[in-house]
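Trainee: Please take me through one pocket of this model in detail, and then place it in the rest of the chain.

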Amino acid sequence: MAKMTVLHSFFQDIGTVQILCALLLFFLILVSATWKTSPFRMPPGPFPLPIIGNLHILDLKRLDKSLEKLSKKYGNVFTLSFGTKKSVVILGYEAAHDALVNHADEFGERSVVPSFQKLTNGKGLISSHGDEWKTMRRFALSTLRDFGMGKTTIEDRIHKEAEMLIKEIEAHKGQPFYDKWLMNGCTGNVICSIVLGKRFDYHDPIFVKLIQIVSQNVKLMGSPAVQLYNMFPFLGFLLGAPNILFRNMHEQRKFFVEFLKLNRQTVNENDIRSYVDAFMLKQQEEMKKPDNYFDEENLLVSTLNLFGAGLETTSSSLQWAFLMMIKYPEIQKKVQEEVDEVVGDGRLPTLEDRKILPYTDAVIHEVQRFCNIVTLPVGRETTCDTHFREYFIPKGTRVLILLSSVLFDKMQWESPDKFTPSHFLDAQGKFTKKAAFLPFSAGKRVCLGESLAKAELFLLFTALIQKFTFYPAPGVTSEDLNLEPDFGITSSPKYHLVCAVSRKQKKGP
Ligand code: HEM
């Protein structure tokens with residue numbers, strides 16, 4: 001009898017447990033259904049672990065590839081935790097354009113990145129925020145315009161540098177050389193002539209050191225160790241790369257501080273030679289105003305930003321351009337034929353020629369698309385609580401936008417994985433713009449040097465292709481060329497040698 005009672009109450013208990021389980025399940029389904037349609041739901045994403053977040057599923061050597069892989073599972077807008085910090089990742093043209101252009105105000109801030117913060121103290125053009133950034137950006141844009149960005153004088157500066165570069169390349173007499181340092185010297189000099197009002201000899205040891213530092217920092221900033229530092233800055237003392245980065249920046253700062261000191265002694269309001277001169281005069285004008293942002297640190301960091309951002313980006317794009325010409329000699333030949341026909345060899349091509357060189361223009365655009373130098377996502381931050389698509393993104397959330405996913409978007413490009421200049425040509429062979437061509441990004445924090453970079457790419461590429469034919473080093477065939485990028489915050493081709501044979505010479509190497 002006692003046995004029966006125990007059994008009875010056991011089954012009764014099981015019944016109660018079943019009812020409770022069913023209720024719990026019902027409650028969970030209800031919560032999940034309501035959450036899925038809730039206007040306060042953040043984008044979906046992988047479940048984060050304590051402390052490390054989603055670090056265990058990311059390949060920091062190729063973050064872009066990891067983000068693309070995750071988007072296949074979670075869609076083009078998803079949440080990812082880097083350490084304990086949540087970020088929203090955006091991929092593909094539709095979503096990226098929607099965020100950058102249609103929600104320009106909401107996605108218009110720069111996210112705080114610990115290594116950048118330490119390098120810049122949150123000052124200058126790239127890492128500053130709010131009104132300080134607006135003031136610095138407005139001043140830089142208008143001053144760079146005065147110093148030739150978008151005007152004919154920039155053409156003169158770039159032509160002058162193109163002639164220097166041609167002389168340096170001619171000195172190799174068609175023998176193999178590594179083009180990176182010459183290209184860096186050339187683009188470094190274009191930016192120095194605008195920002196500092198002077199150019200350097202390509203072999204000046206100080207200049208060589210400065211451009212090597214920029215180049216090394218670009219690689220270090222994209223390295224796994226610096227990305228780890230950005231998630232866990234307290235680990236800095238264990239990681240080598242961030243410390244090299246900070247040491248390099250210290251050296252660069254020393255050079256620019258010294259330059260600024262000497263420059264201040266010779267500023268003359270009747271002869272404004274450079275961006276730095278204009279900034280120093282503005283400092284005098286603004287001195288007594290409240291909310292004056294024209295302080296010493298903003299002068300120094302803006303100068304460093306322009307030098308750093310303007311050098312390696314344009315140089316890497318040019319190195320890619322000549323590598324692609326070596327890889328596709330038939331395309332190189334077509335470009336040369338067009339330049340020969342329209343410009344001839346009696347003068348350097350000008351910006352005016354661009355519209356009558358549609359094939360050449362298409363090739364340069366395709367280089368920028370296919371070679372995709374900004375491989376790490378651009379970092380933005382929401383300025384307010386934001387409703388984006390069906391999701392909610394709280395104010396101050398870091399937003400990472402992967403531009404490569406726009407430049408390779410299958411919905412936007414006919415053959416995204418092939419180098420195809422016809423992406424930018426219509427049926428009549430006329431140049432045609434593409435909305436998904438966003439190597440400079442878009443919106444409020446779009447690249448500040450876009451028009452300068454475009455002018456440099458066109459004028460330097462056409463000047464060199466007019467004078468030289470590019471070949472691989474002896475023993476290497478076009479097919480052997482390695483198109484894997486040397487990954488960094490921006491990516492350049494891996495070490496390779498090129499031969500530039502003067503077109504006046506009869507035979508190749
Ligand atoms: C092919 C060459 C270049 C490419 C592909 C490029 C690309 C970019 C990209 C993708 C951004 C981030 C924009 C964003 O946050 O959405 C950026 C920002 C920036 N770029 Fe460039 N860039 C190039 C050349 C230059 C040059 C020549 C300069 C210097 C005059 C420059 C100065 C800057 C600055 C100062 C910013 C920060 C803008 C801000 O936060 O307001 N860039 N660039």
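Mentor: The pocket comes first, then a helix beside it, then the metal site and the chain as a whole. This is a predicted model, in which local features need pLDDT of at least 70 and side-chain atom pairs count only at pLDDT 80 or more, while totals for chains, interfaces and linings use all residues. Residues are numbered from 1 along each chain as its sequence is written, and side-chain values use heavy atoms, with hydrogens and water left out.

The second largest pocket (an open set of points on a 1 Å grid over the protein atoms alone, where a 1.4 Å probe fits and protein lies on both sides within 12 Å along at least five of seven lines) holds about 800 Å³ of space. That volume is the space filled by probe spheres set on the points, which are joined across faces, edges and corners. Its lining (residues with an atom within 4 Å of a point) counts 28 residues, and Lys65, Glu68, Ser404, Phe408 and Asp417 are the ones nearest the pocket centre. At least two lining residues come from each of the helices α2 (63–74), α3 (93–102), α14 and α15. Helix α2 gives the largest share, six residues. Helices here are DSSP runs of H or I with at least four residues, and strands are runs of E with at least two, numbered from the N terminus.

Helix α14 covers residues 358–371 and includes Asp361. Asp361 is buried (under 20% relative accessible area, with a 1.4 Å probe and protein chains only), yet Asp361 forms no salt bridge. A salt bridge needs a side-chain nitrogen of Lys or Arg within 4 Å of a carboxyl oxygen of Asp or Glu. The nearest side chain of opposite charge (Lys and Arg positive, Asp and Glu negative, His and chain ends not counted) is Arg354, 4.5 Å away. Beyond four places in sequence, Asp361 is in contact (heavy atoms within 4.5 Å) with Arg354 and Phe431.

Helix α15 spans 404–407, and the loop from there to α16 (450–467) contains Cys447. Cys447 SG, at 2.3 Å, is the only protein donor of the ligand's iron atom; donors are N, O and S atoms within 2.8 Å of the metal (3.2 Å for Na, K and Ca), and sites may look incomplete because water is not among the atoms.

The chain as a whole has 16 helices and 11 strands. Of its 509 residues, 54% are buried. Among contacts between residues at least 6 apart in sequence, 74% join residues at least 24 apart. The C-alpha trace spans about 115 × 60 × 45 Å along its principal axes.

Notes
Buried < 20%, exposed > 50% of the residue type's maximum accessible area, 1.4 Å probe, protein only.
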